[in-house]
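Biologist: Hi! I have a new structure open and would love a hand reading it. Could we go through it together?
Modeller: Happy to, let's pull it up.

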Amino acid sequence: MKKECTTRKATGLLKSGAMKPQDKPLWYDIYEAFPPRYEPHYDRSPVIKEIKQIFYPEDVIRGKFYRKYGSPGIISLSDTSPRSSLCQLFVAEYKHLQADSSLTEDRLMEEAALALEARGFYLGHSRHPPKVNHPEITTLEPEEGGSSLAGQGKISQVRLADVFKESQGGEKL
C-alpha cells in the first residue's frame with residue numbers, strides 16, 4: 001500500500017470543496033511551486049553531509065575586536081537607523097588601513113583604534129580622555145565699575161555648589 005502525500009491530501013480537499021481556498025495551509029503554494037526532490041517521510045534516514053565553515057575576512061577582524069575590547073552590550077537588530085555599530089566602524093577602518101599599507105595585524109588593530117579615537121570613538125575604558133574630578137566652570141565677571149562682560153573681564157573659577165547656594169539666598173563659600 002503506497003502512502004499518500006500531504007499535499008495530495010490538501011489538493012483533494014480543495015478540489016472537492018471540503019477545504020475552502022482561504023483555509024489552505026500557508027506552505028501549500030510554496031510546496032506546489034517548489035516540490036522537494038524526495039518526498040519527506042518520518043522513516044527516511046537523514047542525509048549525512050559535512051557542514052562547511054564559512055568565515056569571511058571581516059569575521060576574523062570582528063573576533064579580534066571583541067576579544068580585545070569586549071562586547072558593547074545589547075545590540076537591537078530591529079534598530080533601523082542607518083548608523084553603524086562600533087565594531088562595524090572598526091572593521092571598515094581596519095580594512096581601509098590594510099589596503100593602504102603593509103602593517104602587521106597587531107599594528108593594524110592599534111592604528112584602527114587610534115583612527116576611531118581621532119573621530120571620537122573610544123574603544124577601551126583605559127583609552128578615554130581623563131575626566132575632570134571637580135565640577136568647576138569658567139565664567140567672565142565684570143571688573144569694578146565695568147558695565148559689560150564684553151569689554152574688560154577677568155576669568156574666575158566658580159563651583160557649581162556655590163552657584164546653587166547663591167541662587168537659594170545663601171552666601172558664597
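Biologist: Let's start in the middle. How many residues does the largest nonpolar core have, and which ones have the most contacts inside it?
Modeller: The largest nonpolar core has 15 residues. Those with the most contacts inside it are F65, Y69, F90, Y94 and L123. Keep in mind that this is a predicted model.

Biologist: Which elements give two or more residues to this core?
Modeller: They are α3 (57–69), α4 (86–100) and α5 (105–118). The one that gives the most is α4, with 6 residues.

Biologist: Is there a general reason for such a core?
Modeller: Yes, in soluble globular proteins, nonpolar side chains tend to be buried together.

Biologist: Let me click on F65. What is F65 in contact with, leaving aside its neighbours within four places in sequence?
Modeller: F65 is in contact with G70, L86, C87, F90, M109 and L123.

Biologist: I see plenty of rings too. How many aromatic pairs does a search of the whole structure find?
Modeller: That search finds 7 aromatic pairs. One of them is W27 with Y28, a tilted pair with 6.4 Å centre to centre and 55° between the planes. Another tilted pair is F65 with Y69, at 5.5 Å centre to centre and 50° between the planes.

Biologist: Back to W27 and Y28 for a second. Is W27 buried, exposed or partly exposed?
Modeller: W27 counts as partly exposed, because its relative accessibility is 37%. Y28 has a relative accessibility of 9%, so Y28 counts as buried.

Biologist: And where do F65 and Y69 lie?
Modeller: Both lie in helix α3, 4 residues apart, which is about one turn of the helix. F65 and Y69 are also both buried.

Biologist: Which residues form one aromatic cluster with them?
Modeller: The cluster is made of F65, Y66, Y69, F90 and Y94.

Biologist: Now the helices themselves. At what angle do the axes of α3 and α4 cross?
Modeller: They cross at roughly 120°, and the axes come within 10 Å. Angles above 115 and up to 145 degrees count as oblique, so α3 and α4 are oblique to each other. The crossing is right-handed.

Biologist: Which residues meet there?
Modeller: From α3 you have E58, I61, R62, K64, F65, Y66 and Y69. They meet L86, C87, Q88, F90, V91, Y94 and K95 in α4.

Biologist: What about α4 and α5, how do their axes cross?
Modeller: The axes of α4 and α5 come within 9 Å and cross at roughly 120°. That angle is why α4 counts as oblique to α5. This crossing is right-handed. On the α4 side, the residues that meet α5 include L86, F90, E93 and Y94, and on the α5 side they include M109, A112 and A115.

Biologist: E93 caught my eye. Is E93 buried or exposed?
Modeller: E93 counts as buried, because its relative accessibility is 14% and the cut-off for buried is under 20%. E93 lies in helix α4. Not counting residues up to four places away in sequence, E93 touches A112, A115 and R119.

Biologist: That leaves α3 and α5. At what angle do they pack?
Modeller: They pack at about 70°, with their axes 12 Å apart. This makes α3 roughly perpendicular to α5. The contact is made by K64, F65, K68 and Y69 of α3 and E105, M109, E110 and A113 of α5. Here too, α3 passes α5 in a right-handed crossing.

Biologist: Changing topic: where does K24 lie?
Modeller: K24 lies in the loop between α1 (6–16) and α2 (28–33). At 28% relative accessibility, K24 counts as partly exposed. Leaving aside neighbours within four places in sequence, K24 is in contact with L14, M19 and D29. K24 and L13 are 11 residues apart in sequence and 9.2 Å apart in space, C-alpha to C-alpha.

Biologist: Last one, zooming out. How many helices and strands are there in the protein chain?
Modeller: There are 6 helices and 2 strands. Along the sequence, the pattern reads α-α-α-α-α-β-β-α. Of the 173 residues of the protein chain, 16% count as buried.

How values were computed. Residues numbered from 1 in each chain as written. Predicted model: local features only at pLDDT ≥ 70, side-chain atom pairs only at ≥ 80, totals over all residues. Heavy atoms only, no water. Core = buried A, V, L, I, M, F, W, Y, C linked by side-chain atoms within 4.5 Å. Buried < 20%, exposed > 50% of the residue type's maximum accessible area, 1.4 Å probe, protein only. Contact = heavy atoms within 4.5 Å. Phe/Tyr/Trp six-rings, centres within 6.5 Å; stacked < 30°, edge-to-face > 60°. Axes fitted to C-alpha atoms, helices over the stretch in contact; angles between N-to-C directions. Parallel < 35°, antiparallel > 145°, perpendicular 65-115°, else oblique. Left-handed = near helix turned anticlockwise from the far one by under 90°.
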